[in-house]
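Reader: Could you walk me through this one while I have it open on the screen? I'd like to ask things as they come up.

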Amino acid sequence: MPLISTGVLAHDARTAATGVGAFNVVQIEHAQAIVGGAEAAGLPVVLQISENTARYHGTLEPIALAALALARAASVPVAVHLDHATSAPLVHEAVELGFTSVMFDASTLPYEQNVAATRAVADHCHGRGVWVEAELGEIGGKDGAHAPGVRTDPDEARAFVAATTADALAVAVGSAHAMLTRDAVLDFALISRLRDTVGVPLVLHGSSGVGDAGLARAVGAGMTKVNISTHLNKLFTRAVRTHLDAHPRAADPRAYLGPARDAVAAEVTRLLGILARPGR
């Protein structure tokens with residue numbers, strides 16, 4: 001199946017008042033699990049590769065080509081997205097490789113510099129048919145200028161989107177990156193105000209810290225793209241530990257990475273079902 005644009009998935013989900021699951025790839029087993037989980041659910045999905053993951057692999061291209069190949073071979077629509085890029089050259093590389101969307105994060109810069117840098121990236125990407133997600137004010141839990149308790153102002157967000165021509169906006173509504181517990185308290189009223197004010201799909205980062213009911217309610221309130229990474233990594237690592245505890249002499253990585261891949265695939269299937277049917 002040809003690659004699909006994240007923008008198409010987001011548009012369709014926003015129209016239907018459902019959510020799009022966007023899951024982060026760390027290594028090829030993650031990409032296989034995410035695609036397999038989406039196929040089992042019969043639902044589209046977004047494979048995300050972050051700047052940090054590209055740095056871990058030494059360069060973007062190897063893990064990107066693997067993700068793109070898996071996306072093209074999938075039986076459901078799969079988009080491939082660059083997540084949390086702070087480098088314009090990395091964005092350009094992702095576009096050349098064939099990514100259908102990018103998230104450019106200049107949120108640690110002063111507002112006017114954020115606008116200028118994001119607009120330049122948007123101009124480059126839009127000229128090549130690539131959808132752009134941006135961020136105004138950093139999501140809690142990452143180093144930078146904003147405290148974890150920050151909330152996105154709807155009027156400022158609307159002005160930011162207009163100035164940058166971003167296609168989607170990551171907003172701060174109570175979640176935080178890298179949470180190990182699923183007890184974040186979201187501001188659902190703010191999500192609805194942002195939905196009504198901003199005019200483009202909203203993106204929830206730090207969704208690993210949000211429980212099932214909170215995810216469904218966030219989508220019902222107006223969130224469209226839902227990013228999940230740490231939650232899946234916890235399941236992956238737990239499966240590896242369980243296998244190695246039971247088989248302390250294990251030496252073949254396939255013996256423990258396989259069960260970890262299966263655990264992530266099953267959870268992706270389950271989470272996509274929650275996002276696709278938020279009110280049911």
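Reader: What share of the contacts with a separation of 6 or more comes from residues 24 or more positions apart?
Author: Among the contacts in the chain with a separation of 6 or more, 71% join residues that are 24 or more positions apart, where contact means heavy atoms within 4.5 Å. Please keep in mind that this is a predicted model, in which local features need pLDDT of at least 70 and side-chain atom pairs count only at pLDDT 80 or more, whereas totals for chains, interfaces and linings use all residues. Residues are numbered from 1 along each chain as its sequence is written, and side-chain values use heavy atoms, with hydrogens and water left out.

Reader: OK, and how does the radius of gyration sit with a compact globule?
Author: The chain has a radius of gyration of 18 Å, which agrees with the value near 19 Å for a compact globule of 280 residues; the radius is taken over C-alpha atoms, and the globule rule is 2.2 Å times the number of residues to the power 0.38. Along its principal axes, the C-alpha trace spans about 55 × 40 × 35 Å.

Reader: How much of the chain is buried?
Author: Of the 280 residues, 55% count as buried, a term that means under 20% relative accessible area, with exposed being over 50% and partly exposed in between (1.4 Å probe, protein chains only).

Reader: Which secondary structure elements should I expect to see?
Author: There are 11 helices and 8 strands in the chain, defined as DSSP runs numbered from the N terminus, with at least four residues for a helix (H or I) and at least two for a strand (E).

Reader: Switching to backbone angles, which residue in strand E3 should I look at?
Author: Look at His84, which lies in strand E3, residues 78-85, and has a positive phi of about 50° although it is not a glycine. His84 is buried, at a relative accessible area of 10%.

Reader: And what about Thr165?
Author: Thr165, also not a glycine, has a positive phi of about 60°, and it is found in the loop between helix H7 (154-164) and strand E6 (168-170). With 27% relative accessibility, Thr165 counts as partly exposed.

Reader: Now charges: how many salt bridges are there?
Author: The structure holds 8 salt bridges, each being a side-chain nitrogen of Lys or Arg within 4 Å of a carboxyl oxygen of Asp or Glu.

Reader: Which partner does Asp123 have?
Author: Asp123 pairs with Arg119, their closest N and O atoms being 3.0 Å apart, and both lie in helix H6 (residues 111-126), 4 residues apart, about one turn of the helix. Asp123 is partly exposed at 43% relative accessibility, and Arg119 is partly exposed at 33%.

Reader: What does helix H7 offer in that respect?
Author: In helix H7, Arg158 and Asp155 are 3 residues apart and therefore separated by about one helical turn; they form a salt bridge whose closest N and O atoms are 3.2 Å apart.

Reader: Where is the network, and which residues does it link?
Author: A network of salt bridges links Asp212, Glu267 and Arg270. Within it, the side chains of Glu267 and Arg270 meet at 2.8 Å, N to O, and these two residues are 3 apart in helix H11 (residues 253-276), about one helical turn.

Reader: Are Glu267 and Arg270 buried or partly exposed?
Author: Glu267 is buried, with a relative accessible area of 10%, whereas Arg270 counts as partly exposed at 34%.
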